[in-house]
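Dear colleague,

I am handing over a structure to you with this message, and below it I have set out what I found when going through it. Please read the notes alongside the coordinates.

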Amino acid sequence: MKNDARTSDTRRNDTRRDFLRFAGAGVTGAALASAPAFAASAPHAPAAAASSGFSVNAFGAVGDGKTIDTPAINRAIEAAAAKGGTVFFPAGTYACYSIRLKSNVALFLDQGAVILAAEGAQYDAAEPNTAWDAYQDYGHNHWHNSLIWGEDLENISITGPGLIYGKGLSRGHHEDTDLPGTTSPGVGNKAISLKNCRNVILRDFSILQGGWFGILATAVDNLTIDNLKIDTNRDGMDIDCCRNVRVSNCSVNSPWDDGICLKSSYGLGYARATENVTITSCYVSGYWQLGSLLDGSWKKFPDDARVPRTGRIKFGTESNGGFINITVSNCVFEGCQGLALESEDGALLEDVAVSNITMRNIVSAPIFLRLGSRLRGPKESTKVGTMRRVSISNIVCWNTASKLSSILSGIPGSQIEDVSISDVLIVAQGGAAADQAAIHPPENETKYPEPNMFGPMPASGFYIRHLKGLSLSNIRIKTLADDARPAFVLEDVQDAELFRIQARPAGGAPIVRLSQVENFAIRFSDPIPDTKLPHADSATLPQS
């Protein structure tokens with residue numbers, strides 16, 4: 001993926017043309033002709049669900065893909081909510097507008113069942129705009145304009161091996177001509193949307209083309225998301241202002257936006273942290289044409305396709321409250337951007353552990369940590385946040401983008417603190433000439449955070465600045481082509497310890513370059529001799 005200096009509008013127009021091209025090929029062809037075939041095994045299926053008295057067919061649902069079945073389905077949910085129960089979707093395609101969840105009700109999608117987002121503008125109205133809408137995108141401020149939604153609920157679930165297909169949903173791009181305008185009355189733009197709920201289970205189903213968000217969960221506590229397959233045209237799942245969340249065994253293909261995204265927006269009208277979260281055993285990608293993960297055809301985009309291939313695990317960008325006490329483990333990234341941890345709007349990003357991650361064909365920075373000052377929130381209370389106590393270990397990354405390294409960047413006067421990175425192997429494309437090593441990236445303190453926000457990097461492995469308390473241990477940097485940049489560049493860094501670092505820059509370039517660094521030590525990093533520097537205004541550690 002090329003990271004150029006074009007405007008975001010230009011890039012969006014380019015990707016829009018390719019979205020039409022590849023989405024049309026991947027979705028409207030054979031994949032959708034056999035949509036129920038996307039279903040998977042259902043180890044958690046309730047044996048008596050069909051005979052519980054709440055089959056949607058018993059309430060008038062037809063399931064022919066043409067008849068609008070929303071009234072029948074909502075009647076079944078109302079009946080089940082009287083005492084609690086499971087609403088059962090037998091095999092069939094249920095064309096729907098907004099399905100309204102209720103407390104103490106489970107939806108079960110049987111093998112071959114498809115909930116189809118109907119085309120047309122008859123979804124529930126979006127909530128009225130609020131005084132805090134400007135602090136996050138439209139999609140984060142509205143929940144009711146969705147295919148399936150619930151607010152102020154408890155004890156709910158959606159399970160089973162069926163499919164939710166958001167064919168009639170907007171994805172929030174105003175230039176889309178084949179999808180409805182997202183802010184128009186009656187338009188739906190999310191597959192599943194939950195607000196202020198607790199005790200929620202989402203398990204075993206698949207989502208195809210989920211709109212702006214396949215799943216938007218805002219202030220949902222005690223949330224379990226397990227064994228989902230999401231193949232979508234924008235965000236896979238956004239977990240916003242939630243507590244006690246378990247995400248596991250999910251596969252997400254989201255070429256046009258993030259795959260699994262933690263957020264902490266101001267959408268509730270106040271800042272609330274996302275905390276106590278585990279993400280484990282998941283696959284994220286931006287590699288595959290829409291629908292081809294689910295139908296098993298695994299069609300890659302051509303190399304020259306103008307598709308962002310985002311698809312990553314990310315914290316942010318909306319980041320007013322915080323990201324606290326979170327682990328990410330045993331996950332696979334393929335053909336997408338790398339891991340991104342961001343505090344831009346005052347968030348406290350603290351106590352995060354990332355481990356056992358593999359990455360292949362990464363289109364931007366493998367690791368991106370950014371403490372910035374966009375400060376999108378109430379002016380009187382929104383100050384620069386924190387990023388501290390972050391541990392990243394056991395990372396293997398192959399074929400990462402040549403222009404970018406991993407990036408850890410605070411801003412002047414606001415440092416990232418106490419970061420430990422260990423047992424990492426990164427194989428980059430390489431090929432940078434010596435003049436790229438002389439680049440001094442701009443600060444861009446208030447700019448939207450992305451790895452390409454600084455332009456090409458002067459390091460092949462790690463570019464680190466405005467940071468206090470750094471431990472790098474057992475790090476190997478390799479390049480597929482000769483690269484004349486230092487492997488590690490540190491600027492405005494205090495208390496840095498490097499241990500067992502391996503790299504071989506081309507052309508006799510130094511392995512490590514330091515600028516305004518205090519209390520620096522490197523050990524057991526042949527061919528660099530063990531070195532301690534109380535202060536270095538400007539220094540290099542050569543290969544010999």
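A contact, as I use the word here, means heavy atoms within 4.5 Å. Among contacts between residues at least 6 apart in sequence, 71% join residues at least 24 apart.

This is a predicted model, in which local features need pLDDT of at least 70 and side-chain atom pairs count only at pLDDT 80 or more, while totals for chains, interfaces and linings use all residues. Residues are numbered from 1 along each chain as its sequence is written, and side-chain values use heavy atoms, with hydrogens and water left out.

The protein has four helices and 31 strands, taken as DSSP runs numbered from the N terminus (helices H or I, at least four residues; strands E, at least two). Of its 544 residues, 60% count as buried, where buried means under 20% relative accessible area, exposed over 50% and partly exposed in between, with a 1.4 Å probe and protein chains only. The exposed area is about 19200 Å², of which carbon and sulfur atoms supply 49%; accessible areas come from the Shrake-Rupley method with a 1.4 Å probe, and for residues only the protein chains shown count as cover.

Helix 3 comprises the twelve residues 70–81, and its end C-alpha atoms are 16 Å apart, which agrees with the 16 Å expected at 1.5 Å a residue, the expected span being 1.5 Å times one less than the number of residues. Its buried residues are T70, A72, I73, N74, A76, I77 and A80, and what covers them includes strand 1 (64–68), strand 2 (85–89) and strand 5 (105–109).

Further along, strand 21 (residues 322–334) and strand 23 (residues 348–360) run parallel and are joined by eleven bridges, two strands being paired if DSSP finds at least two bridges between them. F333 has M359 in strand 23 as its bridge partner. Strand 23 also pairs in the parallel sense with strand 25 (residues 386–400), again over eleven bridges, and there E350 stands opposite R388.

Within strand 21 lies S329, which is buried at a relative accessible area of 16% and, not counting residues up to four places away in sequence, touches I279, T280, S281, S355, N356 and I357.

L341, in strand 22 (residues 339–343), is buried with a relative accessible area of 0%. Leaving aside neighbours within four places in sequence, L341 is in contact with F315, L349, V352, F368, L369, R370, M387 and V390. The C-alpha atoms of L341 and P449 are separated by 9.9 Å, although these residues are 108 apart along the chain.

With best wishes
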